[in-house]
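Q: Please take a close look at one part of this chain, the strand at the centre of the question below, and describe how it sits among its surroundings.

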Amino acid sequence: MFIEIGIKDIIDIVLVALMLYYIYRLMKESRSLNVFMGIMVFVVLWLVVSQVLEMRLLGSIMDKLVSVGVIGLIVLFQDDIRKFLFNLGAHERVRIFKRFFSNTDSKRKQEELKQIIMPIVMACLGMSKRKVGALIVIERDMPLDDIVMTGERIDATISQQLIENIFFKNSPLHDGAMIISNKRIKAAGCILPVSHDLDIPKELGLRHRAALGVSQETDGIAIVVSEETGGVSVAIKSDLQLRLTAEKLESILTKEMI
């Protein structure tokens with residue numbers, strides 16, 4: 001007895017495979033891979049019991065567990081689901097589409113961007129020479145309001161002097177992170193999520209882990225100035241770039257913020 005497989009069935013299988021692969025990646029990034037594997041084992045067992053062996057009583061019990069389990073998973077992984085939906089809406093093609101239909105005056109945009117980037121770069125360069133530790137997060141598409149609430153609101157114009165004063169060693173806000181949003185310094189002394197990635201070099205401190213953590217959970221750009229070495233690093237999309245020059249930092253910020 002042959003099973004007829006049409007184009008619709010092939011598309012169905014491919015879509016399910018893509019969905020499972022994306023969920024697998026999401027769970028791996030959020031360190032919930034064991035939970036994902038446990039869910040897959042339960043789903044396979046449920047299909048075998050209800051569809052293959054046709055055990056009505058056990059199948060009905062597992063049906064109820066699946067119904068309740070979906071609600072439980074939504075509550076348990078609400079942050080990951082929110083991140084998934086955001087990534088779906090902020091896909092790179094969507095960004096390109098938005099940019100295409102937005103203001104196309106590139107020269108004016110570059111000038112405005114330069115006024116934001118240069119004070120940050122010069123402040124990082126100055127703090128690097130004096131080995132003053134700093135952590136700056138630049139907001140992009142994903143709002144950082146929940147992080148802003150953990151610090152002290154400032155809402156000031158971006159300037160080199162202000163950035164260096166905030167991260168001065170005797171300043172009460174120097175230990176936290178500075179959040180830059182909508183061309184202004186929104187807050188300082190903010191608390192960031194810390195990455196528990198085991199691949200991070202052991203010589204890197206808490207600032208680097210916090211920078212990598214916020215880049216894993218948001219699309220923000222995190223800049224770190226090391227207090228021990230004076231090295232400047234940038235974390236973007238879970239990728240940490242170390243030992244950057246002022247020119248390289250400016251190039252990265254210009255490319256990512258344009």
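A disulfide is taken here as a pair of cysteine sulfur atoms within 2.5 Å. With that settled, which residues of strand 5 point one way and which the other, and what core do the residues around the strand belong to?

A: The model is predicted. By the cut-off just given, the structure holds zero disulfides. Two cysteines can still be placed by their cover: C124 has 1% relative accessibility and therefore counts as buried, the limit being under 20%. C190, at 3%, is buried because that value is also under 20%.

Some figures for the whole chain set the scene. The chain has 258 residues, and 35% of them count as buried. Its secondary structure comes to 10 helices and seven strands. Where contacts join residues at least 6 apart in sequence, 58% of them link residues at least 24 apart. The accessible surface is about 16900 Å², with 62% belonging to carbon and sulfur atoms.

Strand 5 is mostly covered, with five of its five residues buried. I221, I223 and V225 point one way from the strand, while A222 and V224 point the other way.

Strand 5 pairs with two other strands. With strand 1 the sense is antiparallel, over five bridges, and I136 has I223 of strand 5 as its bridge partner. With strand 6 the run is again antiparallel, and four bridges join the two. Here the bridge partner of I223 is V234, in strand 6. I223 is thus named in a bridge to I136 and in a bridge to V234. Strand 5 and strand 6 form a hairpin with six residues between the strands, and in this hairpin G230 takes a positive phi near 80°.

The packing can be followed from I136. Apart from neighbours within four places in sequence, I136 is in contact with I120, C124, I163, F167, M178, I180, I221, A222 and I223. The list includes the buried cysteine C124 and three residues of strand 5, namely I221, A222 and I223.

The largest nonpolar core has 30 residues, and I120, I136, I163, I223 and L253 have the most contacts inside it. The elements giving two or more residues to this core are helix 6 (106-130), strand 1 (134-138), helix 8 (160-166), strand 3 (177-181), strand 4 (184-190), strand 5 (221-225), strand 6 (232-236) and helix 10 (246-257). Helix 6 gives the most, with eight residues. A second, separate core has 16 residues, including V137, L144, I179 and A222. On strand 5, then, I223 belongs to the largest core and A222 to the second, and these two residues point opposite ways from the strand.

Helix 8 also holds a charged residue, E164. With a relative accessible area of 15%, E164 is buried, because the limit is under 20%. Leaving aside neighbours within four places in sequence, E164 is in contact with M122, A123, G126, M127 and R130.

Helix 9 precedes strand 5 in the numbering. Its 12 residues, 206-217, should span 16 Å at 1.5 Å a residue, and the end C-alpha atoms are 16 Å apart, so the two values agree. Helix 9 is mostly covered too, with nine of its 12 residues buried: R207, H208, A210, A211, L212, G213, V214, S215 and Q216.

Note on methods. Residues are numbered from 1 along each chain as its sequence is written. This is a predicted model: local features need pLDDT of at least 70, side-chain atom pairs count only at pLDDT 80 or more; totals for chains, interfaces and linings use all residues. Side-chain values use heavy atoms; hydrogens and water are left out. A nonpolar core is a set of buried Ala, Val, Leu, Ile, Met, Phe, Trp, Tyr and Cys residues joined through side-chain atoms within 4.5 Å. Buried means under 20% relative accessible area, exposed over 50%, partly exposed in between (1.4 Å probe, protein chains only). Contact means heavy atoms within 4.5 Å. Accessible areas come from the Shrake-Rupley method with a 1.4 Å probe; for residues, only the protein chains shown count as cover. Two strands pair if DSSP finds at least two bridges between them. The expected span of a helix is 1.5 Å times one less than its number of residues.
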